[in-house]
Amino acid sequence: MRLVVRSLRHAYPGAGSPVLDGVDVDLPAGTAAAVVGPSGSGKTTFMALLGGLLPVQDGHVAAVDQDGREHRVADVASWVLQTVSLLPARTALDNVLVGAWATTADMVVARQRAEAALADVGLAARAKDPARVLSGGESQRVAIARAMASQRPVILADEPTGQLDAATSAIVLDGMLAARGERTVVMVTHDAEVAARCDLVLELRDGRLRERS
Ligand SMILES: Nc1ncnc2c1ncn2[C@@H]1O[C@H](COP(=O)(O)OP(=O)(O)O)[C@@H](O)[C@H]1O
Ligand SMILES: [Mg+2]
């Protein structure tokens with residue numbers, strides 16, 4: 001899926017100047033883009049508008065398939081959020097199954113996908129542990145595995161490696177970027193090494209998004 005953003009503007013009620021003031025993006029299918037920018041520059045706002053968590057006030061956002069048909073990004077994307085939201089009493093595997101079941105009703109297929117996704121983030125050995133005993137970093141890896149297991153064509157992630165140390169961050173990133181090609185990935189990051197591994201870096205500043213070369 002290609003992602004298209006045109007003349008996107010967003011102002012929070014009561015705030016002075018708009019947070020986003022004419023953002024245009026054309027992200028080819030299968031690419032991984034990093035969104036960077038100072039704190040408060042509107043990265044989370046941009047992601048929320050892209051993924052349909054906030055209604056678009058002004059402008060246009062769409063996912064475009066191979067045949068040129070437009071889809072709501074929310075219908076084709078999985079999220080990895082900044083704060084982890086796992087079912088604490090359920091096992092790591094069950095949490096990942098939630099993602100797999102979003103796109104298949106076949107129990108065997110769902111289980112295979114979930115197990116593969118957990119292995120991709122280095123947590124195969126923790127499959128049967130309840131989510132509540134996992135560390136913050138492990139929980140974030142489960143959340144990423146859940147998004148991967150859905151096999152939706154777009155992955156949106158807001159600082160997915162924010163809570164992780166460098167080694168764990170690399171494992172998680174390998175998992176997410178391995179899917180690039182089949183999937184379009186957009187991730188907010190503060191980590192220069194993470195950004196450097198993406199295909200392109202989009203910098204948000206003064207309400208505009210510019211491709212950094
Ligand atoms: N719900 C909200 N209501 C009012 N202002 C908000 C809201 N969410 C974010 N903002 C403001 O919008 C700006 C951009 O925020 P955000 O998108 O979270 O930036 P970033 O993710 O780059 O740190 C900030 O000035 C923030 O205070
Ligand atoms: Mg943010």
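Okay, so right after helix 4 comes Gly122, and its phi is positive, near 80 degrees. Keep in mind that this is a predicted model.

Let's back up into helix 4 itself. Helix 4 covers residues 107–120. At 1.5 Å a residue, those 14 residues should span 20 Å, and the end C-alpha atoms are 20 Å apart, so the two agree. Which residues of helix 4 are buried? That would be Ala110, Arg113, Ala114, Ala117, Leu118 and Asp120. Look down the axis and those buried residues fall within an arc of 155 degrees, so they line one face of the helix. That fits the usual picture: an α-helix has 3.6 residues a turn, so residues three or four places apart point the same way. And what covers that buried set? The cover includes helix 3 (92–101), helix 5 (136–150) and helix 6 (166–178).

Now, the sheets. One of them is an open sheet of 4 strands, in the order 2-1-4-5, with antiparallel pairing. Strand 2 and strand 5 stand at the edges with a single partner strand each, so one side of each has no neighbour in the sheet. Going through the pairs, strand 1 (residues 2–10) joins strand 2 (residues 20–27) over 6 bridges, and there Val5 has Val25 as its bridge partner. Strand 1 is also joined to strand 4 (residues 58–64) by 6 bridges, with Arg9 partnered by Asp58. Then strand 4 and strand 5 pair over 2 bridges, and Val64 stands opposite Glu70.

Strand 3, residues 32–36, is another story. There, 5 of the 5 residues are buried, so the strand is largely enclosed by the rest of the structure. Ala32, Ala34 and Val36 point one way, Ala33 and Val35 the other. That's what you'd expect, since in a regular strand the side chains alternate between the two faces of the sheet. Strand 3 runs parallel to strand 8 (residues 184–188), with 4 bridges between them, and Ala34 sits opposite Met187. It also runs parallel to strand 9 (residues 200–205), again with 4 bridges, where Ala33 has Leu200 as its bridge partner.

Last thing, the ligand. What surrounds ligand 1? Tyr12, Ala15 and Val19, then Gly37, and then Ser39, Gly40, Ser41, Gly42, Lys43, Thr44 and Thr45. By class, that shell comes to 3 nonpolar, 7 polar and 1 charged residues.

Key
Residues numbered from 1 in each chain as written. Chains lettered and ligands numbered in written order. Predicted model: local features only at pLDDT ≥ 70, side-chain atom pairs only at ≥ 80, totals over all residues. Expected span 1.5 Å × (residues − 1). Buried ≥ 20, exposed ≤ 12 C-beta atoms within 10 Å, placed from the backbone. Arc of directions from axis to C-beta. Contact = placed C-beta atoms within 7 Å. Near = placed C-beta within 6 Å. Nonpolar A, V, L, I, M, F, W, Y, C, P; charged D, E, K, R; others polar. Pairing = 2+ DSSP bridges.
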